[in-house]
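User: I have a model open on my screen and would like to understand the labels people attach to its parts. Could you walk me through the reasoning behind them?

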Amino acid sequence: NNQVCDAWNGYDEAQCGIQASSLSKILIKGGTVVNAHHQEIADVYVENGIIVAVKPNIKVGDDVTVLDATGKYVMPGGIDPHTHLAMEFMGTETIDDFFSGQAAALAGGTTMHIDFVIPVNGSLSAGFKAYERKAENSCMDYGFHMAITKWDEVVAEEMEIMVKEKGINSFKFFMAYKGSLMVNDELLLEGFKRCKSFGALAMVHAENGDAVFEGQKRMIELGITGPEGHALSRPPMLEGEATTRAIRLASFVNVPLYVVHVMSIDAMEEIANARKSVMLSCLFVYSEIDNDIDRFLLKDGGFYCITYMVVNISLLENSSILTRSLKALLSSSDKFIIILGFPCFIIFSYFRYVMSPPIRASGHNKALQAALSSGVLQLVGTDHCPFTSTQKSFGIDDFRKIPNGVNGIEERMHLVWHTMVESGKISPTDYVRLTSTECARIFNIYPRKGAILAGSDADIIILNPNSSFEITARSHHSRLDTNVFEGMKGKGKVEVTIAGGRIVWENDQLKVVPGSGKYIEMPPFSYLFDGIEKADAKYLSSLHAPVKRFNSAT
Ligand SMILES: NC(=O)NCCC(=O)O
Ligand SMILES: [Zn+2]
Ligand SMILES: [Zn+2]
């Protein structure tokens, strides 16, 4: 199919053999249908891109494609709440555009994603237009968050237009990336107030950008210019500090808050405290754990990158102060440690793991998984932000120039299943909640998305718990030349993906159609806003007593 191949530029010939899929009548027979609230053995019937019926023993005619799901799980397609496709960032652009990133997503069982519109010169409407164009070739459904990078009257007005006319119900504030995307506390407060007035969700990238800048200077002064300087310059305490600051400011305004890519115990504990605190009882803090964290568990103990480094370090056993310094670093992530003469082969490999907040030392991952299974954290996102080895090498002499970001859009569903369900940490219903349903609820598109119910969009996966997957750059569908999960194997494979009523992934073959993906408008005032007015009234009435006391005393 030439149309598909043309849009598929950047792929090798073999992968270009994909064909277009068609909208068909589909019956999925005999699988275990899993929703976040319930699971049962049933058939699922799909027509015109919509789920028409979910019940046992549905009878159909010869014109229907029948898929046997006996012994398999039939679940809502994944919704990835955090991606950066065709994003201009740090002097370059992510290698996956909307078509290639979405094709990769579909091959991994994700059927919708929410990408971040970056304003053009601070203009939200110019940014929105640019992203509309970027998304024209979409082969699966998508929505947008909007970043706020500066503040004036125009931005404040444009926020209202985005919510009321453009279907955006969330705004992201970067507390990091000083000199480019970072905002200060004054802007954060203005933005939070504006979000509250329109029923839009405030999101934060929580790292203290001023302190990161200071940490980077420290590294350079110490002569640490290689990629190891990245994580050393932005320790977990800076993520914890920004997380608690954002939580307290959101509490002060009384607006729901969503903390993106939680990467450390420090940040997670601030969220846990806020969620159980009486002082903040009117505040809802929602947060996603980055699935980069989950992947590390597939290796023995600790984050993948760190484990990887340890494997290499063990080769250097007894080789002096260097090994001891590295070991100290790995066990003490929030202390600055001077490491001189890092072995080159470790440095080169480490480039590809550079992302923000950075990959942490061993121990954070297990704690974050526990937080995910106990409900302290609610979602798993990918922050899919892929840069090739060539792009990563822009920072060969200076870690501050390495474009931040790694892949994940294709791997998330497999890694979360393997890491969390296969290991018994969560149930299949929990899996559906944290890969799909909770995202649909938070961004107010449930039950159109995130459910296998009559009337929902036919975004469905069939996962075989007895079959296995292996991740390699050779076989993945992203345009990336590397994969941070390279070589990982696990149990539980997405064998079929249905997106908008089309079978787009079956027998390890992609069948996608550029332009078939729809923009999903997300209305404001999700359930997170229920009760906000009552809490505001309670706060106002709580002021009466001290004001009266003050007046009678003066
Ligand atoms: N996370 C990352 O390293 N890159 C993408 C931009 C962001 O989300 O901070
Ligand atoms: Zn971020
Ligand atoms: Zn991101």
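User: What makes strand β6 (residues 78-83) count as mostly covered?

Analyst: This is a predicted model, and in it six of the six residues of β6 are buried. A residue is called buried when 20 or more other C-beta atoms lie within 10 Å of its own, and β6 is therefore described as mostly covered.

User: How do you know that β6 and strand β9 (residues 110-117) pair?

Analyst: Pairing asks for at least two bridges, and β6 and β9 have four, running in the parallel sense. One place to look is T83, which stands opposite D115 in β9.

User: Which way do strands β2 (residues 39-47) and β3 (residues 50-55) run, parallel or antiparallel?

Analyst: They run antiparallel, joined by five bridges. With at least two bridges needed, the pair qualifies. D43 stands opposite K55 in β3. The two strands form a hairpin with two residues between them, and N48 in the turn has a positive phi of about 50 degrees.

User: Why is K172 called buried?

Analyst: K172 has 23 C-beta neighbours inside 10 Å. The cut-off is 20 or more, so K172 counts as buried. K172 sits in strand β11 (residues 170-174). Leaving out residues up to four places away in sequence, K172 touches F116, H145, A147, M203, H205 and V260. An unreviewed UniProt entry lists K172 under "modified residue: N6-carboxylysine". Such annotations may be inferred rather than shown by experiment.

User: Which residues lie around ligand 1?

Analyst: They are H84, H205, M355, S356, D383, C385, N404 and G405. By class, this shell divides into two nonpolar, five polar and one charged. H205 is also among the residues that K172 touches.

User: S356 is in that shell. What makes the peptide bond joining S356 and P357 stand out?

Analyst: The bond is cis, with omega of about -10 degrees. Most peptide bonds are trans. P357 belongs to the loop between α13 (344-350) and α14 (364-374). The bond from Y446 to P447 is cis as well, with omega near 5 degrees, and P447 is in the loop between α17 (428-442) and β16.

User: Why is helix α16 (residues 412-421) said to be largely enclosed?

Analyst: Ten of its ten residues are buried, so α16 is largely enclosed by the rest of the structure. Among them are R412, H414 and H418, alongside L415, V416 and W417.

User: Why is N57 called exposed, and what about M90?

Analyst: N57 has 8 other C-beta atoms within 10 Å. Exposed means 12 or fewer, so N57 is exposed. M90 has 18. That count falls between the exposed and buried limits, so M90 is partly exposed. F213, found in helix α6 (residues 209-221), also has 18 and is partly exposed.

User: What is notable about phi in N57 and M90?

Analyst: Phi is positive in each, near 55 degrees in N57 and about 50 degrees in M90, and neither residue is a glycine. Most residues other than glycine have a negative phi. N57 lies in the loop between β3 and β4 (65-68), and M90 in the loop between β7 (88-89) and β8 (92-93).

User: Where is I471, and why is it called buried?

Analyst: I471 lies in the loop between β16 (460-470) and β17 (489-499). I471 has 23 C-beta neighbours inside 10 Å, and the limit is 20 or more, so I471 counts as buried. Beyond its neighbours within four places in sequence, I471 is in contact with E411, H476, N483, F485, E486, G487 and M488.

User: How many residues does the largest nonpolar core have, and which have the most contacts inside it?

Analyst: The core has 142 residues, and those with the most contacts inside it are V44, V74, L106 and A202. Helix α2 (residues 98-107) gives the most to this core, with seven residues. Contacts of A202 outside its neighbours within four places in sequence include F171, F192, C195 and L257. In soluble globular proteins, nonpolar side chains tend to be buried together.

Definitions and conventions. Residues numbered from 1 in each chain as written. Chains lettered and ligands numbered in written order. Predicted model: local features only at pLDDT ≥ 70, side-chain atom pairs only at ≥ 80, totals over all residues. Contact = placed C-beta atoms within 7 Å. Near = placed C-beta within 6 Å. Nonpolar A, V, L, I, M, F, W, Y, C, P; charged D, E, K, R; others polar. Core = buried A, V, L, I, M, F, W, Y, C linked by C-beta atoms within 7 Å.
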